[in-house]
Each structure stands twice: as C-alpha cells, then as structure tokens.
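Biologist: I am new to this structure. Please take a close look at a single part and then place it in its surroundings.

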Amino acid sequence: MNSQDYMKLDDQYAAHTYHPIEVVIERGEGVWVYDVDGKRYLDCLSAYSAVNQGHCNPRIMQAAIEQMKRVTLTSRAFYNDQMGPFLKQLCELTGYEMAVPMNTGAEAVETALKIARKWGYQVKGVPDNEAEIIACEGNFAGRTTTIISFSSEEQYKADFGPLTPGFKLVPYGDADALAAAITPNTVAFIVEPIQGEGGVNVPPAGYLKRVAEICAANNVLFIADEIQTGLGRTGTLLCSDHDGVRPDIVTLGKALSGGYYPVSAVVADASILGLFRPGDHGSTFGGNPLGSAVARAALDVLIDEKLLDRSRELGEYFMGRLRRIESDIIKEVRGKGLLIGVELTVEARPYCDALRDAGVLCKDTHGTVARFAPPLVISKDEIDWAMERIEPIFSNGHR
Ligand SMILES: *Cc1c(COP(=O)(O)O)cnc(C)c1O
C-alpha cells in the first residue's frame, strides 16, 4: 500500500474530525519521522508537544517494555507499585503536595474543574450549584461537553448542546477584565500561560503575576492549563515559572508520557485535592502501572537530558532565525522556548503543505499561524537543516 491507499482508508473509515496534512508516517526516531515511501521529515509539531522527549525515546521505550512484561493494568481497585513512585516524583518536581492521575488532557481539565467546584462549595462557601468558573477567549482545553461549553470557537460548540452552565469568558491577557468578572460565586480562573491551539498567543509580560494576585485577593483558585506549555516546552518546567507564579492547580498531559501512552495529571496542594473522597472521581486506566512507569521515565529524560535548558537556548536560536526571514507575509514571530508561532498575513495551510514537500512537518493553527514546536531533543544543526527549507518558503519572491 502507498500513501494514497492509506489516506483513502482513513477517508472512508475514520469520521472526518480532522483535516490532516497529507503525509502517512510509519516510523519515528528523535526529531525525524519517515513516511510509508521512505521519505524523511523533521517533525516540527511533536504531536502537539506530546513527544518533547523525541520520537521513540529509547529510555522511555525500555521502561515501557519492562513494565509491559510485568503488569499493565490493575485498576485503582488495588494498589500497584508504579503509581506511588510516579506521583511522588511528579509532586516533588512541580512542588505540589498531591496529584490525580488521569489519561488524556481533557480528563485532567475536567478533574481540575470538578475539584475547583467542590472546593468552592466546601471551602469558599458558595451556595449549592452557583459556582462560576472564568476562562479566556481563544482557550483550548479539550473536547468534552463541559470543556467545549467555555470555548469561544463556535464550531466546537455548534449542535453539541445543551452545554454545561457556570462558565464566563474574559479576553486573554487582560487582567483587569478578570478582576471585573469575578463575583462572590467565582471559584476558579482557568488559563493557558501561552495559548497553544489559539495561535501561540503570548500574554503581556506580568499578566500571570497579576492573575495570581487577583485570584489570591478574591479567594479564587488559579488553574494553569500547562498540558501543552508544561514539561519543558517553553524552556522552563512549567511555563508559569517564567512569571515566578505558583498556580493553585496545574493540569499536565501530553509530554508527561513522551508520546508513548496517554498520561495526564492534576497537581495541587492537599487543601484542594484532599477534598476528593473515594467514589468522587476516577478512571479505569488512570494511574495504571504501565502509564506510571512510562511517565516516570518521561520525567527522568526531561531532567537528565537537560531538555529545559535545551528548549530555552535552542528556542531563542530558532526564533531569532525565523525573525530574520525577510518576508512580506510574516506578520509576527512569537513564543517562548521551542513553542513558536509564525503569524502570517494569509492562510498558513498552503505554507504547511509546501513545508511538508520540503521535508518539514508543521501544522497551521487558528488559520493564519504556523506553529514550530520540534521535539526538545533537536540540535542546532537540525534547526539549521530546517531553516534551509523554511526560509525560501516564506521569503519574498518565492510565491
Ligand atoms: C491538548 C490540550 C488539551 C487536551 O488534551 P487532550 O489529551 O487532547 O485531551 C488541554 N489543554 C491544552 C492547553 C491543550 O493543549
């Protein structure tokens, strides 16, 4: 079968919930992926930052294989010998007291929203069923019915109602708007430190600091959705670290497993997560030994291979080179670490297709933005290799 055959199968049997770039990948190693015809590409999407540690990272693979031979799933009806060490490592690394292990990012966000509401009723004293949560315009937090209820994208919500009530939106990056929107029933504010799917939107400097102050002053939980920005993507462990803030609740996912297996988590202190009682929440696969073993290795790789520093240093280099492209169609190059958005004056999709033909995989987001977010294991030489291909495509005179 060739690429066309595989794409036809997807077209026929997969519900059309995506509009993929036309490349059929069969193998990956580090920053490189190979299609079914043997052509090599540099991956500048990293599965939306889930493979920060590089494709098929050998250390994570070893941990996965070893755990697969022992036991993979016990359910939380029993204890297992992997989850405790995993959550201890995660809490020590992030500086929180407790964690809830889940699978997908959306589940982590759902978990954070549920515990914020419970905290609102039991600790803050909000009247029953009156809890409000504030989110930002342009947010992306997943695709469940409750999460799309606070999306500002019409398509995400259209024909999927009735939606979950209790959410309010404010403009992203506007701390005054947050302050004005808070009422006595507000239990939480959920925000991405950089909006990934919304177009790599970087808020004004000092925004998160003010958010943290406003939340603290109003007894409102500050939830940072770090599912895309966390775990080294922006050059620090959490993107919130750039602003020196400590959110009350952090959601993590994607790179928590290095792409091997869906592992997500919510971390917070015991004053918040300690409110969960047996039976309040759960997941058959959440905290399973295979996922936990994989996540332990994924965190080890981030730290031992100094991927945070790498992301910061090479991100600056990559962004600097992108900013030097002379191009009438590039409106702005923005981001932090290796989460980089190139905003164009035109639709980004045709440029992503041209980049694919040249051997660089990236994906348009929010219409006019091309996101460059390679695995954090990328080298300077590999960035140079990518730039040799990216530069002519955006340069004046090419099209
Ligand atoms: C990807 C993402 C999610 C959802 O994660 P899934 O694993 O796709 O459910 C939530 N929040 C942010 C910021 C994300 O980028």
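Modeller: In this predicted model, β9 and β10 are joined by 4 bridges and pair in the antiparallel sense. At one of the paired positions, threonine 251 has valine 266 of β10 as its bridge partner. Strand β10 covers residues 264-268, and β9 covers residues 249-252.

β10 also pairs with β4. Here 5 bridges link the strands, and they run antiparallel. Within this pair, proline 101 stands opposite alanine 265 of β10.

How many of the residues of β10 are buried? The count is 5 of the 5, so the strand is largely enclosed by the rest of the structure. The cover lies on both faces of β10. On one side the buried residues are Ser264, Val266 and Ala268; on the other side they are Ala265 and Val267. Two of these residues have already appeared as partners: Val266 faces threonine 251, and Ala265 faces proline 101.

The strands named so far belong to an open sheet of 7 strands. Its order is β4-β10-β9-β8-β7-β5-β6, and its pairing is mixed. In this order β10 stands between β4 and β9. Which strands stand at the edges? They are β4 (98-102) and β6 (167-170); each has a single partner strand, so one side of each lacks a neighbour in the sheet. On average, neighbouring strands of this sheet are turned by 20 degrees against each other, with direction ignored.

A helix also meets this part of the sheet. Helix α4, made of residues 83-94, lies across β4, β9 and β10. The helix runs at about 125 degrees to β4.

The model has another sheet to set beside this one. This open sheet has 4 strands in the order β11-β12-β15-β14, and its pairing is antiparallel. Its edges are β11 (330-336) and β14 (363-365); since each has a single partner strand, one side of each is left without a neighbour in the sheet. From one strand to the next, the twist averages 30 degrees. Inside the sheet, β12 (residues 339-344) pairs with β15 (residues 369-372) over 4 bridges in the antiparallel sense. There, glutamate 343 stands opposite valine 369 of β15. Helix α12 (residues 307-323) packs on this sheet and touches β11, β12 and β15. The direction of α12 makes about 175 degrees with that of β11. Helix α13 (residues 349-358) packs on the sheet as well, touching β12, β14 and β15. Between the directions of α13 and β14 the angle is about 165 degrees.

Two places outside the strands complete the picture. Histidine 55 sits in the loop between α2 (46-49) and α3 (58-70). Is histidine 55 buried or exposed? Its relative accessibility is 16%, so histidine 55 counts as buried. Apart from neighbours within four places in sequence, histidine 55 is in contact with Gly28, Glu29, Gly30, Trp32, Val33 and Asp43. Histidine 366 lies 311 residues from histidine 55 in sequence and 26 Å from it in space, C-alpha to C-alpha.

The other place is at the start of the chain. Methionine 1 belongs to the segment before α1 (3-13). With 60% relative accessibility, methionine 1 counts as exposed. Together with Tyr6, Leu9 and Tyr13, Met1 makes a nonpolar surface patch of about 460 Å².

Note on methods. Residues are numbered from 1 along each chain as its sequence is written. This is a predicted model: local features need pLDDT of at least 70, side-chain atom pairs count only at pLDDT 80 or more; totals for chains, interfaces and linings use all residues. Side-chain values use heavy atoms; hydrogens and water are left out. Patches are made of residues with over 30% relative accessible area and no salt bridge: like charges are joined within 9 Å, nonpolar side chains (Val, Leu, Ile, Met, Phe, Trp, Tyr) within 5 Å. Accessible areas come from the Shrake-Rupley method with a 1.4 Å probe; for residues, only the protein chains shown count as cover. A salt bridge is a side-chain nitrogen of Lys or Arg within 4 Å of a carboxyl oxygen of Asp or Glu. Helices (H or I, at least four residues) and strands (E, at least two) are DSSP runs, numbered from the N terminus. Buried means under 20% relative accessible area, exposed over 50%, partly exposed in between (1.4 Å probe, protein chains only). Two strands pair if DSSP finds at least two bridges between them. Axes are lines fitted to C-alpha atoms, for helices over the stretch in contact, and angles run from 0 to 180 degrees between N-to-C directions. Contact means heavy atoms within 4.5 Å.
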